[in-house]
Amino acid sequence: METKDWKNLGFGYSKTDYNVRCYFKDGKWGKLETHSSEAITMHMGATCLHYGQECFEGMKAFRGKDGKIRVFRMKDNAKRMAESAEGIRMQPIPEDVFCNAVREAVKLNERFVPPFDSGASLYIRPLLIGTGPQVGVKPADEYLFIVFVMPVGPYFKEGFKPTDLAIYREYDRAAPHGTGKFKVGGNYAASMAAGERAHEEGFSAVLYLDAKEKKYIDECGPANFFAIQGNKYITPRSTSILESITNKSLRQIATDLGMEVEVRPILEDELSNFDEVGACGTAAVISPIKRVVDVEENKEYNYGDEPGKVSTKLYETLRGIQYGTMEDKHNWVEVI
Ligand code: PLP
Ligand code: COI
């Protein structure tokens, strides 16, 4: 196995041995190819460069105590990538091509899957880009699908330690009927100004309000928002957030634990009623929140310096399933 300071890994790019590619050309997908180069060449008129025809996914593989490598809910990511592709009129990647490329990329880079006790994992980044040239605003007729991987630690440097979020009214991430529900690059470009300002001001991420009324909680930076109130797990319903697979899993875990689950519009004012709040996603896992600051309105909501009991239980259960130490009763993991 590769030797690294696994316990102190951050969330960032590092080179691994291979990436797996598949090209769509002349109306069909080709065979999977294995490459060791990190570079790609493409036409300068490629639609991904000019018109943002690109979508991506984020998923993880975990090394268990038993040494086995488990990938979490891969088919859900395959399905979501096909939806993102269709959402911006790209050629969707078939589920079997997606899953085989992921399996191959993990196997070929097995020595980079962090050891069980490190708390780190292998981040898997499937990427689909329009490579065919267009100068008119039209879909490409050629596409490249790539899967590359890298070992990562926590996305928010605090890990499972509570962090602060900022609400700013002067930025929107996505419009109600825009592309917020798809995992496309443009949403992330649109979030960078607010995200950088939040970091400069000491916050870990931005808690977006809905773009139309600025009343409801929407997306939480690169993650979904959830709240705990008594025995309830509450998460926003919105047309502009990405359907998080982590959030979907936490809703199921909460139900299994006998909690009630509500998916509904959440008013910002309700932040004062919640016992615990958090951000959830593949990269973020669960990031508990200690403070939300509504910067322009000069309001603060506080949840304490330690992770809440329910968030901790949800976190431990999710991690347990992912690392193979708890029963996977919903068949979420595939051993590679
Ligand atoms: N929301 C956004 C904007 C994201 O980028 C992500 C990350 O993938 C999520 C939510 C969480 O989704 P998932 O749990 O499927 O990783
Ligand atoms: C993920 O959680 O997988 C993400 O894609 C978030 C971010 C790194 C964009």
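In the predicted model, the shell around ligand 1 comprises four nonpolar residues, seven polar residues and one charged residue. Its members are Gly58, Glu219, Pro222, Ala223, Asn224, Leu242, Ser244, Ile245, Thr246, Asn247, Gly281 and Thr282. The largest contribution to this shell comes from helix H5 (residues 245-256), which supplies three residues.

Ligand 2 is surrounded by Gly58, Pro222, Gly281, Thr282 and Ala283. By class, the shell of ligand 2 contains two nonpolar and three polar residues, and no charged ones. Gly58, Pro222, Gly281 and Thr282 are listed around both ligand 1 and ligand 2.

Strand S16 (residues 285-294) is paired with strand S17 (residues 299-302) in an antiparallel arrangement, through four bridges. One of the paired positions is Val292, whose bridge partner in S17 is Tyr301. Four residues separate the two strands of this hairpin, and Asn298 adopts a positive phi near 60°.

Helix H4 (residues 185-200) has 16 residues, and at 1.5 Å a residue its expected span is 22 Å; the C-alpha atoms at its ends are 23 Å apart, so the two values agree. A kink of about 45° is nevertheless present in H4, centred on Met192. The buried residues of the helix are Asn187, Ser191, Ala194, Gly195 and Ala198. An α-helix has 3.6 residues a turn, so residues three or four places apart point the same way. The buried residues of H4 pack against two strands, S9 (163-167) and S10 (205-209). Just beyond the end of H4, Gly202 takes a positive phi of about 90°.

Ala82 is located in helix H2 (residues 74-87). Within 10 Å of Ala82 there are 19 other C-beta atoms, whereas burial requires 20 or more, and Ala82 is therefore classed as partly exposed. When neighbours within four places in sequence are set aside, the contacts of Ala82 are with Pro92 and Ile93. Ala82 and Leu209 are separated by 127 residues in sequence, and their C-alpha atoms lie 27 Å apart in space.

Definitions and conventions. Residues numbered from 1 in each chain as written. Chains lettered and ligands numbered in written order. Predicted model: local features only at pLDDT ≥ 70, side-chain atom pairs only at ≥ 80, totals over all residues. Near = placed C-beta within 6 Å. Nonpolar A, V, L, I, M, F, W, Y, C, P; charged D, E, K, R; others polar. Pairing = 2+ DSSP bridges. Expected span 1.5 Å × (residues − 1). Bend = angle between axes of the 7 residues up to and from the residue. Buried ≥ 20, exposed ≤ 12 C-beta atoms within 10 Å, placed from the backbone. Contact = placed C-beta atoms within 7 Å.
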